[in-house]
Amino acid sequence: MNKIAILCSGGDVSGMNPAIKHFVEYCLQNRAKPYFVFDGYEGLIDDNIVKAHYSDVAGIINRGGTKIGSARSKRFMKSKYRAIAKKNLEKRGIDKLIVLGGDGSFRGIEKFHKETGISFAGVPSTIDNDITGTDYCLGVDTALGVINDALDSIRDTASSFKRAFVIEVMGRDCGFLALVSALTSGAEMCLIPEKSYDLDKFEIEFKKQKKDGRRYFIAVVSEGIKQSSQEISDWFEKKIGVESRVTTLGHIQRGGNPTTRDRLMAYKFITKAIDGLLAGKEDSIICYNQNEFNYKSIDEITNKTYKLDSELLRLAHNIL
Ligand code: ADP
C-alpha cells in the first residue's frame, strides 16, 4: 500500500489547512495511507510522524496557519540529520512526501531525494509569490485580501486627517504583493525592489495634486526597497508638506481565513501532487501556469529570477 506523508516548511500561509484536509481525504479515496509530519523537517528528524485520519482534518478548512505546524530546520542542512530523517520514514514504509513550502524547502527535499530515493512533490506556498515557474503560490490571494482590508481602513483615516500614509508590505525581494495591493486599492505611490523610482517626479506630481485639492496620499512600499519606510514618510513631510505616518503590516499578512480561491487552489495543487506521486513521479514541483497545473523539475523553478508580470507593471506605471 502507498504511504504518503505531508509536511509544511518555512513560513506558513493561509491555504495550508485546506491542503492538509484534502491531502487526507484524497489519499484515503485512492487507497493510500496518509501521514502527518509535524513542524517541517524538524519533525522528520525528531520522528514526529503520525498516521492521519478523517477526524484530524474536521473543521480546519476555514482556518489560517497550519494544523501540523511549520518550521525552518538548520539540522536538515546536514547530511547526518537527513540520514536520521530517512530512517524515520523507512521504518514506517513511507516513500513519498508532499512538501508545502518555498524554493528553499524544495532545494532541501531535492537533496534528500537524491540521497534516499524518497519521492517528493512540492507545492509552492508563500505569500511573496516569488517562485519562478509558477504564476501562483498558495496563500497569495488571502494575503492580498488582508492587505487590501488594511489599506481600505487606513484610507478612511488618511482622508479624515489630511495625511500621507506609508504602508510597508511583505514580499522579501519581490514586489508582487505591493504592486497588486497598490493597484487594487487605488494607492498614489508604489515602491518595489524591481523598479527604480524617482522621488523628484512624485514631488512635482503630488504638489500639483495637493494644489488641486488632494487631501491625502497612500504609498505602498515593499519591504525589499533600499530606503526605509520611515525615510519615505519623512520625504512626504519635508517635500510634500503633509503629516505622514508609517504602518508596517507585518505578520498579519500571513494570517486570516483562507479565501475561496486559496481553498480551491489548495485542493487542486494537492490533487495534482498525489496523482503525480501515485503515477511514479519522483521529484516534481506542482506549478500553475495559464490556468493549468504542470509538473516541473526543481531546476526549472529555482535557477531563474522571478520576474513580475509586465502587464501588471504597465497597469501600474503611473504609481511606480
Ligand atoms: P522557504 O522554503 O520558504 O524558501 P527556507 O529557505 O527558510 O524557506 O528553507 C526552509 C528549510 O528548507 C530550511 O530551514 C532547511 O531546513 C531546508 N533547506 C533549505 N535549503 C536547503 C539545502 N540547500 N539543503 C538542505 N536543506 C535545505
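In this predicted model, the two domains meet through a contact in which 14 residues of domain 1 touch 11 residues of domain 2. The domain assignment of the protein chain places residues 3–139 together with 258–304 in domain 1, and residues 141–254 in domain 2. Between the C-alpha centres of domain 1 and domain 2 the distance is 35 Å.

A good place to begin within the chain is the open sheet of four strands, whose order is β8-β9-β7-β10 and whose pairing is parallel. Its edges are formed by β8 (189–191) and β10 (243–248), each of which pairs on one side only. From one strand to the next, the twist averages 15°. Strand β7 (residues 163–169) and strand β9 (residues 217–222) run parallel and are joined by six bridges. For a reader who wishes to locate this pairing, Val169 has Ser222 in β9 as its bridge partner.

Helices pack on this sheet as well. Helix α5 touches β7, β9 and β10, and its direction makes about 165° with that of β7. Helix α8 (residues 229–240) also packs on the sheet, where it touches β7, β8, β9 and β10. The direction of α8 makes about 165° with that of β10.

Besides its place on the sheet, α5 (residues 140–161) has a helix partner in α6 (residues 176–184). The axes of α5 and α6 come within 10 Å and cross at roughly 50°, and the two helices are therefore oblique to each other. The crossing in which α5 passes α6 is right-handed. On the α5 side, the contact is made by Val140, Ala143, Leu144, Ile147, Asn148 and Leu151, and these meet Phe176, Leu177, Val180, Ser181 and Thr184 in α6. By class, the residues of this contact are eight nonpolar and three polar, with no charged residue.

Attention can now turn to helix α1 (residues 16–29) and helix α9 (residues 260–278), which pack at an angle of about 40° with their axes 8 Å apart. This makes α1 and α9 oblique to each other, and their crossing is right-handed. From α1, the contact draws on Pro18, Ala19, Lys21, His22, Phe23, Glu25, Tyr26 and Cys27. Their counterparts in α9 are Arg263, Ala266, Tyr267, Ile270, Thr271, Ile274 and Asp275. Nine nonpolar, two polar and four charged residues make up the contact of α1 with α9.

The remaining helix pair is that of α3 (residues 79–90) and α4 (residues 103–116), whose axes come within 11 Å and cross at roughly 70°. Angles of 65 to 115 degrees count as roughly perpendicular, and α3 and α4 are therefore roughly perpendicular to each other. Their crossing is right-handed. In α3, the residues in contact are Ser79, Arg82, Ala85, Lys86 and Leu89, and they meet Lys111, Phe112, Glu115 and Thr116 in α4. This contact of α3 with α4 divides into three nonpolar, two polar and four charged residues.

Methods:
Residues numbered from 1 in each chain as written. Predicted model: local features only at pLDDT ≥ 70, side-chain atom pairs only at ≥ 80, totals over all residues. Heavy atoms only, no water. Axes fitted to C-alpha atoms, helices over the stretch in contact; angles between N-to-C directions. Parallel < 35°, antiparallel > 145°, perpendicular 65-115°, else oblique. Left-handed = near helix turned anticlockwise from the far one by under 90°. Contact = heavy atoms within 4.5 Å. Nonpolar A, V, L, I, M, F, W, Y, C, P; charged D, E, K, R; others polar. Pairing = 2+ DSSP bridges. Domains from an automatic or database assignment.
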